[in-house]
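Here are some friendly notes to read alongside the model. I have grouped them by topic, so feel free to jump around.

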Amino acid sequence: MNNKLVWVVAVVAVLVLGIGGGLTAALVVGSDDADSSAPREADPQSSDTGGSTTPNTPTTPVGPVPKGLEEFYTQQLDWQACGDNECAALTVPVDYQDPQASDPIKLKLERVPAADQANRVGSLVVNPGGPGAPGTTMAENADGYFRPQLLDRVDIVAFDPRGTGDSDPVDCLSDSELDAYVAQDPSPDDAAEGEQVVANQDRFFASCVANSDALIGHVSTVEAARDMDVLRAALGEEELSYLGFSYGTTLGSTYASLFPKNVGRFVLDGATDPTLDFRQNALSQAAGFQTALDAYVDNCVAEGDCFLGADRAAALDTITRLLADIEDEPLPTNQDRDLEAGNALYGLITPLYSRDSWTYLDQALQQALDGDGSTLLLLSDLYGSRNAAGGYDDNSLEAILAINCLDDPESIEPSQVPAELPAFEKASPTFGEVFAWGLTGCHGIQVKAEEPPPTIKAPGAAPIVVVGTTRDPATPYEEAVALADQLDSGVLLTRDGDGHTGYNKGNSCIDEAVEGYLIDGTVPADGTQC
């Protein structure tokens, strides 16, 4: 999302599909993948292609090849069976400015072959957001992300972007250190606490450099977009067809601006506005989460006898007081950890990504008001991919900071935060203070990107469909409007609803428009309202 809001927004790009089974059988995919199993690896001894009739890619280059990258653009993917899907590795340089400077890295790919191979349209590259989310979870949970209409006709090709998942993941903190990092107070109360937060940030980035290899300075969105063009060529596609969610729209719009002539059928869902600076982005998201929380409490009040209060103001005041009380005195839980201030905040915002999850927020808040932090802590753990054994299933919490701060390292000092509070508290009475402190989030970064992001315009590209949801908490609707306007070929598609992103959220108008373009090439009318 090109932001650095350390404590709140590490999940802003998460696509939450729903939480069910009393929260024990949760399906939260994206950078909050609730599957506690490790990502499935390809069997190097297997020659089974999983039943796909799609051939391996030839070594003849497809489309123009940037000078010095011939060996990467002509590689042949070796697809092997991995579970019900197929896996392969894509070789890319660490540094596109100097491809021979170091050994290349391998990105993990996972493919779901089209069910109807006789009528297969081609490959559709997908990204769930983050940044930091291991994209192969989209293939592993394909039935949750995509409707059968899409799965029948395209090969879903997911990948772990560089520095994430199983693609040379960056490593910054131990599991216990990450527990403490997530739990810390997101809105320090005095100068001393503020300085401690900044000291923690400095240690975080120093640990990233100490514990990771040279890739730590090459995990930018621009470099990930260049990886996608290598992937396009390796798949044997003259044009890249792409479906990206949330931060995946940042990645997609960056690709389109770098390689406009290689753009095929593009859909950017839950769009971000790349022109916002770090402060504007923080304000936009503060307002977005407030809008989502307002919608949640309004629904509670409208249903009658709301446990939070008789009207919106009373309900929001109850939540604000609860968060303040937890900051003063953490709540006991059914685990061996208390619910601390940071966990409570993550537990609150995670269900706001999907209206279907509001019932679990009811459960979590009712318990917390009764002195039990168990469900809020569980929601916080789902947010961070923390499993029942006390470890983390992926490095998304670390990778999001490494990527965001490489893209835009701007930061402010703790002494500057008080001056920001009035604007942020106006944007969000509930979350404003937290987002204001988030402006310190890249303090101490030790690496610098070699290539600046491009101007988002993509002249000459095929139509790019931009989907915005009117009450999206993480990527406010106004950002979708802005991105569609910036892209020369942008087409705005609006979903009137709650939650993050629009596709496969029960709105048939959106679903049919997205699938009509990706499958048949039918471009929806610009400004379509659903």
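1. Let me start with a residue that is easy to spot. Aspartate 305 has a relative accessible area of 80%, so this residue counts as exposed. Its phi is positive, at about 55 degrees, although aspartate 305 is not a glycine. You will find aspartate 305 in the loop between helix H9 (278-302) and H10. Please keep in mind throughout that this is a predicted model.

2. Staying with that stretch of chain, cysteine 300 and cysteine 306 are joined by a disulfide, with an S to S distance of 2.0 Å. The torsion about their S-S bond is about 105 degrees, which means that the disulfide is right-handed. Cysteine 300 and cysteine 306 are both buried, whereas aspartate 305 is exposed.

3. A second aspartate deserves a look at its backbone. Aspartate 168 has phi near 50 degrees, a positive value in a residue other than glycine. This aspartate sits in the loop between S7 and H5. With a relative accessible area of 23%, aspartate 168 is partly exposed.

4. The loop between strand S7 (154-159) and helix H5 (175-183) also carries cysteine 172. A disulfide connects cysteine 172 with cysteine 208, S to S 1.9 Å. Because cysteine 172 lies in that loop and cysteine 208 in helix H6 (residues 191-211), the pair ties together parts that are 36 residues apart in sequence. The S-S torsion of cysteine 172 and cysteine 208 is about 105 degrees, so this disulfide is right-handed. Both cysteine 172 and cysteine 208 are buried.

5. What is the handedness of the disulfide between cysteine 509 and cysteine 530? The torsion about the S-S bond is about -50 degrees, so this disulfide is left-handed. The sulfur atoms of cysteine 509 and cysteine 530 are 2.0 Å apart. Cysteine 509 belongs to helix H18 (residues 508-520) and cysteine 530 to the segment after strand S12 (528-529), so the pair ties together parts that are 21 residues apart in sequence. The two partners are worth checking for accessibility as well: cysteine 509 is partly exposed at 29% relative accessibility, while cysteine 530 is buried at 18%.

6. How many disulfides does a search of the whole structure find? There are five. With the bonded cysteines of the chain numbered in sequence order, the pairing reads 1-2, 3-4, 5-6, 7-8, 9-10.

7. Helix H18 comes up again among the salt bridges, of which the structure holds 18. One of them is formed by the side chains of arginine 147 and glutamate 515, at 2.6 Å from N to O. This pair links distant parts of the chain, with arginine 147 in the loop between helix H3 (142-145) and helix H4 (148-153) and glutamate 515 in helix H18, 368 residues apart. Arginine 147 and glutamate 515 are both buried.

8. Two further salt bridges are good to view next. Glutamate 86 and arginine 111 meet through their side chains at 2.6 Å, N to O. Here strand S4 (residues 85-92), which holds glutamate 86, is linked with strand S5 (residues 105-112), which holds arginine 111; the two residues are 25 residues apart. Aspartate 381 and arginine 337 form a salt bridge at 2.5 Å, N to O. Their places are helix H13 (residues 374-384) for aspartate 381 and the loop between H10 and helix H11 (341-349) for arginine 337, 44 residues apart. Glutamate 86 and arginine 111 are both buried, and so are aspartate 381 and arginine 337.

9. Do look at the salt-bridge network too: Arg355, Arg471, Asp496 and Asp498 are linked in it.

10. Turning to the surface, a negative patch is formed by Asp189, Asp190, Glu193, Asp325, Asp328 and Glu329. Is aspartate 328, one of its members, buried or exposed? Aspartate 328 counts as exposed, because its relative accessibility is 66%, over the 50% cut-off. This aspartate is placed in helix H10 (residues 312-328).

11. One last backbone detail for your list is a cis peptide bond from glycine 130 to proline 131, with omega near -10 degrees. Proline 131 lies in the loop between strand S6 (122-127) and helix H2 (137-140).

Conventions. Residues are numbered from 1 along each chain as its sequence is written. This is a predicted model: local features need pLDDT of at least 70, side-chain atom pairs count only at pLDDT 80 or more; totals for chains, interfaces and linings use all residues. Side-chain values use heavy atoms; hydrogens and water are left out. Patches are made of residues with over 30% relative accessible area and no salt bridge: like charges are joined within 9 Å, nonpolar side chains (Val, Leu, Ile, Met, Phe, Trp, Tyr) within 5 Å. Accessible areas come from the Shrake-Rupley method with a 1.4 Å probe; for residues, only the protein chains shown count as cover. A salt bridge is a side-chain nitrogen of Lys or Arg within 4 Å of a carboxyl oxygen of Asp or Glu. Lys and Arg count as positive and Asp and Glu as negative; His and the chain ends are not counted. The place of a charge is taken as NZ of Lys, CZ of Arg, CG of Asp or CD of Glu. Helices (H or I, at least four residues) and strands (E, at least two) are DSSP runs, numbered from the N terminus. Buried means under 20% relative accessible area, exposed over 50%, partly exposed in between (1.4 Å probe, protein chains only). A disulfide is a pair of cysteine sulfur atoms within 2.5 Å.
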